Amino acid sequence: MSELTQRDSDPDLPELDAEEERRLAALLRHAFAPTEIDPTRHERLLLAALEDPLAEASPEELVESERLRQALEGHGEHENLRLARALSAAFAPSLERALPEPALEPKPRISRPARVIFYRFAAVSTALSLAAGVVLLVLPELRKHAAEAPDLASIALAQSRSTAELFRANSAGAPSDRIDRIASARSRDLRDNRYALWGVR
Amino acid sequence: MDDSAELTAERALVERAQAGDREALGALLRKHGPRLYRSVLLPRLGSPATAEEALSRTYVKVLERFDQFTWQAVGVYPWLRVVALRVALDLLRSRKRELLFEPEHIERELDQAEREAREAEALERHDLDYARERVRELLLRINPRYADAIRMRVLEERSREEAALSLGVSVATFDVVLHRAMAALRKALSEGASEV
C-alpha cells in the first residue's frame, strides 16, 4: 500500500480549515446532485412572497398599527414591541439609542408651578418645625436659668475701679510689668463677676 | 394530463395571475418553484440557505413584473428561469468567497436563454447537466488522485474506508489526501475566474 508523503503535496496549496473544507464539499455536492427544497419551507417562502404588503388595511389593522407606532415611541405597550426590541438587540446590541422601554405605570403629569409651590411649602414647614424644636429645647433651660438667676443686689460684684492703686503698690516695677498686673487683675475681676452671675461661685 | 393540456391549464393560470389573481400566481410558482431551486439556484449558489434566499427574491421579482410576461408556446418556466438566473447573477456578483460558478457563467446562460426557447423539462435537464459539467471541469484542474478522492467521498458519498481502499492508501492517509484535494480545488477556483 503506497502512502503519500509531505514531499508529494503541492507546497503552494492554500491553508484550508475544516469549515472551509466542508463548504467546498457542499458546493460540489449541490452542483453535482442538488437536493429538493423542503416542501414545507417552500410553501412558507411562497406564501410570504405572495403576501401583499401594500394591500388595503382593515380597520383592525389601522388600530393595531397606531398602537404599535405609539409603543415604539415609548407610549403604551404592544405585543410586538418586545419582538421589535429583541430584533433590535440581536441585530445591534451596542446601539446607544435603543427602542424605548414601556412605561411601567401611567404617571399623572405635574406641571412646574405646582412643583415649585410644593417645594416652597416643604421648606417653610421644615424651617418652622426646626424653630419650634429649638424653642422647645431652649425655653426650659432659659426658664431654669431665669429661676436660678442670682439676685444682682445681693451679689458682691467687683466694682470698676481706678488703676492708680496698682501703680502705687508696685511702683518699683517696669511699665510693662505694671500693665501686665493691671490686665491680670481686670481679667480676674471679669471672671469673678461672670461666675457670680452664673451662680457658680 | 398530457403536455398540451398542461400548457393550456398553465395559460389559464397565467391569464388569471396577470389579471391580479394571486392564488393563480401562487399555483404557477408552486408548480415551478421547486424546479428553479433544484436545477438553477442550488447548483449555482452552492448552499441551501442562499438558494432559498434567491428563490424568495425570484418570487418577489415575478410578482413585480408578471404583467410584462408574454405567453410563449413553451409555457412560463423559461421566463421564470431567466428571472431566477438574474437573481443568481446578482448574488454571485456580491459574493465574498469562491463559489463554483462565476458571474460570467450566468451571463452566458442568460444570453443563451434569450436566443432559444425550450420547455421546462428540457431546461431542467440542461441546467442539471451544466452544473455537473462544471464540477467535472473543476476536477480536471487538480491532481487526478485528488479528483478521485473528492469524487468518491464528496460526490458519491462513499465511506472513508472504501475510498481509501480504492486509492490504495490507509484511511488516515486518505483523510490527508482529501484535505489536500479540497485545498487544491480552492486554489483552482481562486485562479479560475479568468479561465472560464
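Hi everyone, this is a short tour of two pockets and one surface patch in the structure above. Please keep in mind that we are looking at a predicted model.

Let's begin with the pockets. Rolling a probe the size of a water molecule over the atoms shows where empty space is left. In this model, the largest pocket holds about 290 Å³ of space. Which residues should you look for there? Its lining counts 14 residues, and nearest the centre you will find L45(B), T50(B), R95(B), K96(B) and L99(B). Both chains take part: α1 (18–32) of chain A, along with α3 (48–65) and α4 (77–93) of chain B, each bring at least two residues to this lining. As for its character, the lining has 5 nonpolar, 4 polar and 5 charged residues.

Now to the second largest pocket, with a volume of about 200 Å³. Here 13 residues form the lining, and E6(B), L7(B), K31(B), A120(B) and E121(B) sit nearest the centre. Three helices of chain B, namely α1 (3–18), α2 (22–45) and α6 (120–139), each give at least two lining residues. Which helix gives the most? That is α1(B), with 4 residues. By class, this lining splits into 7 charged, 4 nonpolar and 2 polar residues.

Finally, let's turn to the surface of chain A. Y195(A), L197(A) and W198(A) make a nonpolar patch of about 340 Å². To find Y195(A), follow helix α7 of chain A, which covers residues 175–198. Is Y195(A) buried or partly exposed? Its relative accessible area is 36%, so Y195(A) counts as partly exposed.

That's my tour, and thanks for listening!

Methods:
Residues numbered from 1 in each chain as written. Chains lettered and ligands numbered in written order. Predicted model: local features only at pLDDT ≥ 70, side-chain atom pairs only at ≥ 80, totals over all residues. Heavy atoms only, no water. Patch = residues over 30% accessible without salt bridge, like charges linked within 9 Å, V, L, I, M, F, W, Y side chains within 5 Å. Areas by Shrake-Rupley, 256 points an atom, 1.4 Å probe, with all protein chains shown as cover. Salt bridge = Lys/Arg side-chain N within 4 Å of Asp/Glu carboxyl O. Buried < 20%, exposed > 50% of the residue type's maximum accessible area, 1.4 Å probe, protein only. 1 Å grid on protein atoms, 1.4 Å probe; cavity = no way out; pocket = protein on both sides within 12 Å on 5 of 7 lines; lining within 4 Å. Points joined across faces, edges and corners; volume = space filled by probe spheres on them. Nonpolar A, V, L, I, M, F, W, Y, C, P; charged D, E, K, R; others polar.
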